[in-house]
Amino acid sequence: MEQQHQIHTISPVYNEHSRILILGSFPSVKSREAGFFYGHPQNRFWKIIALLTDSKVPQTVEEKKKVLLEHGIAIWDVIASCEIIGSSDSSIRNVVPADLERILENCEIRNIYANGGTAKKLYEKYSRAKTGREIIGLPSTSPANAAYSVERLMEYWEIIKNDL
């Protein structure tokens with residue numbers, strides 16, 4: 001596979017009631033194909049969100065948006081465009097950061113969370129100075145992070161409950 005220039009085409013999910021912002025790095029191939037966040041069937045993100053919100057695991061895009069917005073959760077990614085090989089975060093080059101101000105200026109975001117180390121690193125490199133906001137790193141829900149079970153992920157992700 002070779003490096004390909006990709007533009008983020010999935011709109012952020014948020015509304016005026018959003019209180020937390022969860023940022024990924026850049027959509028995976030499966031998410032780009034599905035046209036929505038965390039589209040790989042093995043990604044644990046939607047299971048984690050269901051556990052955090054005492055909801056059933058959402059299946060459709062509309063169900064996913066509904067559970068996020070009903071619980072004050074905004075989601076987006078740090079990167080607006082980049083060069084990437086497949087879904088490999090480690091291959092990301094030539095980053096153009098996303099304009100997070102569109103969310104931060106329209107919501108009362110209490111905390112920003114990174115879904116994985118790459119999202120945290122990229123936020124700190126490209127966005128932190130502009131936003132003036134810290135980010136809390138959480139282990140990735142990606143299937144590539146196979147060392148973490150859903151139970152182990154929840155040990156870290158449970159911190160979000162304080163903001164819900």
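Hi everyone. Let's start with the largest pocket: 25 residues line it, and the ones that lie nearest its centre are Phe26, Ser28, Asn43, Asp89 and Ser142. Before I go on, please keep in mind that this is a predicted model.

So, how big is the largest pocket? Its volume comes out at about 460 Å³. Two elements give two or more residues to its lining, namely helix 1, residues 29–34, and helix 5, residues 117–126. Helix 5 supplies the largest share, with three residues. If you like to think in terms of chemistry, the lining of the largest pocket counts 15 polar residues, seven nonpolar and three charged.

Now let's move to the second largest pocket, where the volume is about 150 Å³. Which residues line it? Reading along the chain, they are Tyr38, Gly39, His40, Pro41, Asn43, Trp46, Lys47, Val57, Pro58, Gln59 and Lys64. By class, that lining splits into five nonpolar, four polar and two charged residues. You may have spotted Asn43 on this list; Asn43 was also among the residues nearest the centre of the largest pocket.

Next, helix packing, with helix 2 as our guide. Helix 2 covers residues 45–53, and its axis comes within 10 Å of the axis of helix 7, residues 150–157, with a crossing angle of roughly 55°. That angle makes helix 2 oblique to helix 7. As for handedness, these two helices cross in a right-handed way. Who makes the contact? On the helix 2 side you have Phe45, Lys47, Ile48, Leu51 and Leu52, and on the helix 7 side Val150, Leu153, Met154 and Trp157. Eight of those contact residues are nonpolar, one is charged and none is polar. Lys47, by the way, is a residue we just met in the lining of the second largest pocket.

Helix 2 has another partner to show you: helix 3, residues 61–70. Here the axes come within 11 Å and cross at roughly 40°. So helix 2 is oblique to helix 3 as well. Left-handed or right-handed this time? The crossing of helix 2 with helix 3 is left-handed. Trp46, Ile49 and Thr53 of helix 2 meet Lys64, Val67 and Leu68 of helix 3. Sorted by class, this contact has four nonpolar residues, one polar and one charged. Trp46 and Lys64 also belong to the lining of the second largest pocket, so do click on both when you have the structure open.

One last stop, and it is a single residue. Where does Asn15 sit? You will find Asn15 in the loop between strand 1, residues 4–7, and strand 2, residues 20–24. Leaving aside residues up to four places away in sequence, Asn15 touches Leu69 and Cys107. Asn15 and Ile73 are 58 residues apart along the chain, and their C-alpha atoms are separated by 8.8 Å.

That's my tour. Thanks for listening, and I'm happy to take questions!

Key:
Residues are numbered from 1 along each chain as its sequence is written. This is a predicted model: local features need pLDDT of at least 70, side-chain atom pairs count only at pLDDT 80 or more; totals for chains, interfaces and linings use all residues. Side-chain values use heavy atoms; hydrogens and water are left out. Axes are lines fitted to C-alpha atoms, for helices over the stretch in contact, and angles run from 0 to 180 degrees between N-to-C directions. Helices (H or I, at least four residues) and strands (E, at least two) are DSSP runs, numbered from the N terminus. Angles under 35 degrees count as roughly parallel, over 145 as roughly antiparallel, 65 to 115 as roughly perpendicular and the rest as oblique. A crossing is left-handed if the near helix is turned anticlockwise from the far one by less than a right angle, and right-handed if clockwise. Contact means heavy atoms within 4.5 Å. Ala, Val, Leu, Ile, Met, Phe, Trp, Tyr, Cys and Pro count as nonpolar, Asp, Glu, Lys and Arg as charged, and the others, Gly among them, as polar. On a 1 Å grid over the protein atoms alone, a cavity is a set of points where a 1.4 Å probe fits but cannot get out, and a pocket is an open set with protein on both sides within 12 Å along at least five of seven lines; lining residues have an atom within 4 Å of a point. Grid points are joined across faces, edges and corners, and a volume is the space filled by probe spheres set on the points.
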